[in-house]
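Let's take a walk through this one together, starting on a strand and working around from there. Have the viewer ready so you can click along.

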Amino acid sequence: MAAAGLLARRNTKRRTMSDELWQREVRARKHDDDGDNGARPPGGDTVTQRRTRPETRTKKPPMYKVILLNDDYTPMEFVVEILKVVFHKPHAEATKIMLHVHQNGMGVAGVFPYEVAETKVRTVEELARQGEFPLKCVMEKA
């Protein structure tokens, strides 16, 4: 009767942990390597092995700072628009970053994984070239 209940539960789409362990035990008996065709050891005890997979975690990608460099020709309004459009900064934060770049010669526009940072640098330089401004943007490891 208990075996019929297990079979009925096994056929449902939702599997419980006990169903999974039961299937592993059945598979272990079918594919027994010692040649006794899944016979139980002396004394009638059932031998089960618990197999666990080592936990693997992916490493976080290295981050890169995207840095805007100051020049004497690019209008401040253009830099603010670049920060809003490319880096999705609100107007107040974009203005703050632009003033920092203007006063200190450079400023961090954002920190991103390598591919994203590389794309943002290219986008900024392309937009500056289209507007005929010498704005430069570089990236360095954070």
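Met63 sits in strand β1, where helices (H or I, at least four residues) and strands (E, at least two) are DSSP runs, numbered from the N terminus. With 34% relative accessibility, Met63 counts as partly exposed; the scale here is buried for under 20% relative accessible area, exposed for over 50%, and partly exposed in between (1.4 Å probe, protein chains only). Met63 also joins Val108 and Val111 in a nonpolar surface patch, and together the three have about 210 Å² of accessible area. Patches are made of residues with over 30% relative accessible area and no salt bridge, with like charges joined within 9 Å and nonpolar side chains (Val, Leu, Ile, Met, Phe, Trp, Tyr) within 5 Å. The areas themselves come from the Shrake-Rupley method with a 1.4 Å probe, and for residues only the protein chains shown count as cover.

A word on the model before going further. It is a predicted model, so local features need pLDDT of at least 70 and side-chain atom pairs count only at pLDDT 80 or more, while totals for chains, interfaces and linings use all residues. Residues are numbered from 1 along each chain as its sequence is written, and side-chain values use heavy atoms, with hydrogens and water left out.

Now zoom out. The protein has five helices and three strands, and along the sequence they run α-α-β-α-α-β-α-β. Of its 142 residues, 22% count as buried. The exposed surface comes to about 11,200 Å², with carbon and sulfur atoms supplying 53% of it. If you take the contacts (heavy atoms within 4.5 Å) with a separation of 6 or more, 64% are between residues 24 or more positions apart.

Next stop: helix α3. Which residues of α3 are buried? They are Phe78, Val79, Val80, Ile82 and Leu83, and the buried residues of this helix pack against β1, α4 (91-104), β2 (106-113) and α5 (114-130). Ile82 makes a handy example from α3: at 3% relative accessibility, Ile82 is buried. Leaving aside residues up to four places away in sequence, Ile82 touches Phe87, Val124, Leu127 and Leu135. The C-alpha atoms of Ile82 and Met98, 16 residues apart along the chain, are separated by 9.8 Å.

Val85 belongs to α3 too, a helix that covers residues 76-85. Is Val85 buried or exposed? Val85 is exposed, with a relative accessible area of 52%. Its C-alpha atom is 9.6 Å from that of Val124, a residue 39 positions away along the chain.

On to the charges. Side chains of opposite charge can pair when their charged atoms come close. A search of the whole structure turns up five salt bridges, each being a side-chain nitrogen of Lys or Arg within 4 Å of a carboxyl oxygen of Asp or Glu. One is in α3 itself, between Glu81 and Lys84, whose closest N and O atoms are 3.5 Å apart. These two are three residues apart in the helix, about one turn. An α-helix has 3.6 residues a turn, so residues three or four places apart point the same way. Both partners are partly exposed, Glu81 at 40% and Lys84 at 27%.

Another salt bridge takes you back to β1: Glu140 pairs with Lys65, the closest N and O atoms being 3.4 Å apart. Glu140 lies in strand β3 (residues 136-141) and Lys65 in β1, so the pair ties together parts that are 75 residues apart in sequence. Glu140 is partly exposed at 39%, and Lys65 is partly exposed at 25%.

Then there's Glu55 with Arg57, where the closest N and O atoms are 2.9 Å apart. Glu55 is exposed at 63%, and Arg57 is exposed at 70%.

Finally, look for charge without a partner of this kind. Arg24, Arg50, Arg51 and Arg53 gather in a surface patch of positive charge. In the counting used, Lys and Arg are positive, Asp and Glu negative, and His and the chain ends are not counted; a charge is placed at NZ of Lys, CZ of Arg, CG of Asp or CD of Glu. Arg51 is in the loop between α2 (17-30) and β1 (63-69), and Arg51 is exposed, with a relative accessible area of 62%.
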